[in-house]
Amino acid sequence: MNILVCVSNVPDTTTKVKFSGTQLETEGVQWIVNPWDELAITRALELKESGAGVDKITIATVGLVGTETTIRKGLAMGADDAFRVDADPTDAFFTATQLAEVIKAGSYDLIMTGFESADYNGISVGGMLSEILGYPSVGAVSAVNIVDGKLQIDREIDGGKEVLSVQTPVVASVQKGIAIDPRIPAMRGIMMARRKPLTVMPAVEVEVYTEVVEIELPEAKSAVKMFDAEDIQGLVNALKNEANVI
Amino acid sequence: MSVLVYLENWDGKFKKVSFELLSYGKKIAEDMGVPMFALSLGKVDASELETLKTYGPEKIFVNDNGFDSLDNEMYASAISQAAEKEDATLVVFSQDNVGNALAGRVAVRLKAGLVSAVSAIPISYDPFIIKKKVYTNKVFGHVKVNTAKKILSLSKNTFEIIENAAAGVVEELALDHAEPKTKVESTDKVTGKLLLTDAELVVSAGRGMKGPENWGMIEELAETLGAATACSRPCSDEGWRPHTEHVGQTGKIIAPNLYIAIGISGAIQHIGGISNSKCIVAINKDPDAPIFEAADYGIVGDAFKVIPELNEALKNA
Ligand SMILES: Cc1cc2nc3c(=O)[nH]c(=O)nc-3n(C[C@H](O)[C@H](O)[C@H](O)COP(=O)(O)OP(=O)(O)OC[C@H]3O[C@@H](n4cnc5c(N)ncnc54)[C@H](O)[C@@H]3O)c2cc1C
Ligand SMILES: Nc1ncnc2c1ncn2[C@@H]1O[C@H](COP(=O)(O)O)[C@@H](O)[C@H]1O
């Protein structure tokens, strides 16, 4: 079984973001593998190492050359090879279309995306990708297992989960639960990653469906109103009469 | 032209979020001067469909043939067929597990631009520009949608429910059926418990509670309020609390009317999951805890003393 993980290159989530126009100011920004994608790679590695029948783990990223550091991190974690589509991923449909080209050129049974990326928080690419490819998809995936050579996928539902059997190839958009802690690359992995194949592909042309035209800073929140620990009643009154929430 | 709202049902019932979606769809439909239609797939009682009429759909399309568990491809196909039948220029989903799984697929089918997790009506219709939070809730992006058809997913608990009755004729939707390629083999869920994602009031606690044995007072407070319970990530990682309670960037993202954070420091990853709450109350013994920057009301004090007193005061409120 071959697994492809879609990896988005995003600013570290604790970054204090600054913009000039709609452009993120990249100075001082630490770039990371989108946390969900990192967990997806981790789960793929666990499956491969468990001897469940995973042959190869491939990474695909749509991004400019600067994203190669992040891609190499994924390779250092233990993925086998990678593709980078050389373009700025400004819109989810654009990104999904490029990823679909990578996938069509190879042969994968399981494609994993995160449920959302920490930049545009689009929650879009996974669903779009599966539809472009005409593959089945499962969202809110909290576990992926291989049982007797077949994929078994857990999906979170309100108050619990469902266990699904799926036809492959399939796109799984993963979230909490898929793996616990992300795999930390070891020195050996980092050395080996340098020699692993990273293929650069040109982008195909796509109509621009959506674009960010302006960035607006949230209104400064009004200061917190403090109550003395002896004045619990004051808080209760405020919740009742001022905030009207109880 | 029309607005189509896709309504999920939960074991045959609609929740508050369905009425929120209809209220939102209706407002946009009125602004655009077009009718709103609703679509419900799967088995729903007639009396439940009746409740939808209060919120303004001209027609409610239904089909329960084979829609007893979610197959994204099959559902997306059905929704797209409904959209095409009524020439929908805008399709609205709920931003939750189901909406997230379907919106992208329908967007591709309809060649429509998708903006997810919106919380207000568009800034303008021509050009179509709508606001959404980006960079894990740190800033807003104004997203311009260039396509003729558009898809939005609405964050929960962000739009006021407005009664606005319309004809609400229930009509069977004729569909070309596809065979599902995914199959639910088993289901494991609790019922009858207030779900965190649905709760309007949430009592949440963190490592300041010292250990799982101290959660009794948190649960009592939640019970007094009729609130759901939540926790910070370390508490679920340590097994103090179930994983379903973990809120934050890597857990659940919630937007209740009231979020009470007890013994939670307020790390940015935690705030990312709760910042859309209408009112945040922080109780922490450290006056410099970052949670106070996110909070509307705060008390500096020892949780073990404050919580029982707060519980008593709320019982009498
Ligand atoms: C990639 C990543 C993702 C993460 N995602 C999440 C996430 O989704 N959700 C999340 O919550 N965290 C997340 N975290 C962890 C986050 O950074 C913090 O470590 C975590 O939120 C801290 O939990 P806490 O506030 O319960 O504990 P602490 O930070 O230890 O805070 C405990 C607080 O309790 C107070 N306290 C102690 N005793 C008392 C008392 N008797 N009375 C009152 N107050 C008391 C202390 O003053 C302190 O402020 C993530 C971290 C990373 C790196
Ligand atoms: N530029 C990209 N390159 C590769 N994968 C991406 C890219 N952007 C998003 N994805 C994938 O799609 C998921 C959801 O992202 P989004 O729809 O942007 O919130 C991410 O977790 C990635 O798996």
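How many residues surround ligand 1, and which are the closest? In this predicted model, 26 residues surround the ligand. The closest are B:Ser232, B:Thr250, B:Ser265, B:His270 and B:Asn284.

## Around ligand 1

Start with the contacts. The side chain of B:Ser232 has an N or O atom 2.6 Å from an oxygen atom of ligand 1. B:Val247 takes part through its backbone: one of its backbone N or O atoms lies 2.8 Å from a nitrogen atom of the ligand. B:Gly263 also uses a polar backbone atom, which is 3.1 Å from an oxygen atom of ligand 1. On its own, ligand 1 has 980 Å² of accessible area, and the protein covers 77% of that.

Which elements give two or more residues to the shell around ligand 1? They are H6, helix H7 (268-271) and helix H9 (303-315), which belong to chain B. The shell can also be sorted by residue type. It holds 6 nonpolar, 14 polar and 6 charged residues.

## Salt bridges

Side chains of opposite charge can pair when their charged atoms come close. Over all chains, the whole structure has 36 salt bridges. Three of them are set out here.

| Salt bridge | Closest N to O distance |
|---|---|
| A:Arg183 and A:Glu49 | 2.9 Å |
| A:Asp158 and B:Lys15 | 2.8 Å |
| B:Asp237 and B:Arg233 | 3.2 Å |

Take the pair within chain A. The side chains of A:Arg183 and A:Glu49 meet in a salt bridge. This pair links distant parts of the chain, 134 residues apart. A:Arg183 sits in the loop between strand E12 (170-174) and H5, while A:Glu49 belongs to helix H1 (residues 35-49). Are these two residues buried or exposed? A:Arg183 is partly exposed, with a relative accessible area of 25%. A:Glu49 reaches 51%, so it counts as exposed; the cut-off for exposed is over 50%.

Next comes a pair with one partner in each of two chains. A:Asp158 forms a salt bridge with B:Lys15. On the chain A side, A:Asp158 is in the loop between strand E10 (150-157) and strand E11 (160-166). On the chain B side, B:Lys15 is in the loop between strand E1 (2-7) and helix H1 (16-32). A:Asp158 is partly exposed at 24% relative accessible area. B:Lys15 has 18%, and therefore counts as buried, since buried means under 20%.

The last pair stays inside one helix. B:Asp237 and B:Arg233 both lie in helix H6 (residues 233-237) of chain B. They are 4 residues apart, about one turn of the helix. Both count as partly exposed: B:Asp237 has 44% relative accessibility, and B:Arg233 has 34%. Helix H6 has already appeared among the elements around ligand 1.

Salt bridges can also join into a network. Which residues are linked in this way? They are A:Glu131, B:Glu73, B:Arg105, B:Arg109 and B:Lys181.

## A nonpolar patch

Now move to the surface. A:Met187, A:Ile190 and A:Met191 form a nonpolar patch there. Together they have about 290 Å² of accessible area. A:Met187 lies in helix H5 (residues 187-193) of chain A. Why does A:Met187 count as exposed? Its relative accessibility is 60%, and exposed means over 50%. The loop that holds A:Arg183 lies between strand E12 and this helix, H5.

Technical notes
Residues numbered from 1 in each chain as written. Chains lettered and ligands numbered in written order. Predicted model: local features only at pLDDT ≥ 70, side-chain atom pairs only at ≥ 80, totals over all residues. Heavy atoms only, no water. Patch = residues over 30% accessible without salt bridge, like charges linked within 9 Å, V, L, I, M, F, W, Y side chains within 5 Å. Areas by Shrake-Rupley, 256 points an atom, 1.4 Å probe, with all protein chains shown as cover. Salt bridge = Lys/Arg side-chain N within 4 Å of Asp/Glu carboxyl O. Buried < 20%, exposed > 50% of the residue type's maximum accessible area, 1.4 Å probe, protein only. Near = heavy atom within 4 Å. Polar contact = N/O pair within 3.5 Å; in protein donor to acceptor, adjacent residues only side chain to side chain. Nonpolar A, V, L, I, M, F, W, Y, C, P; charged D, E, K, R; others polar.
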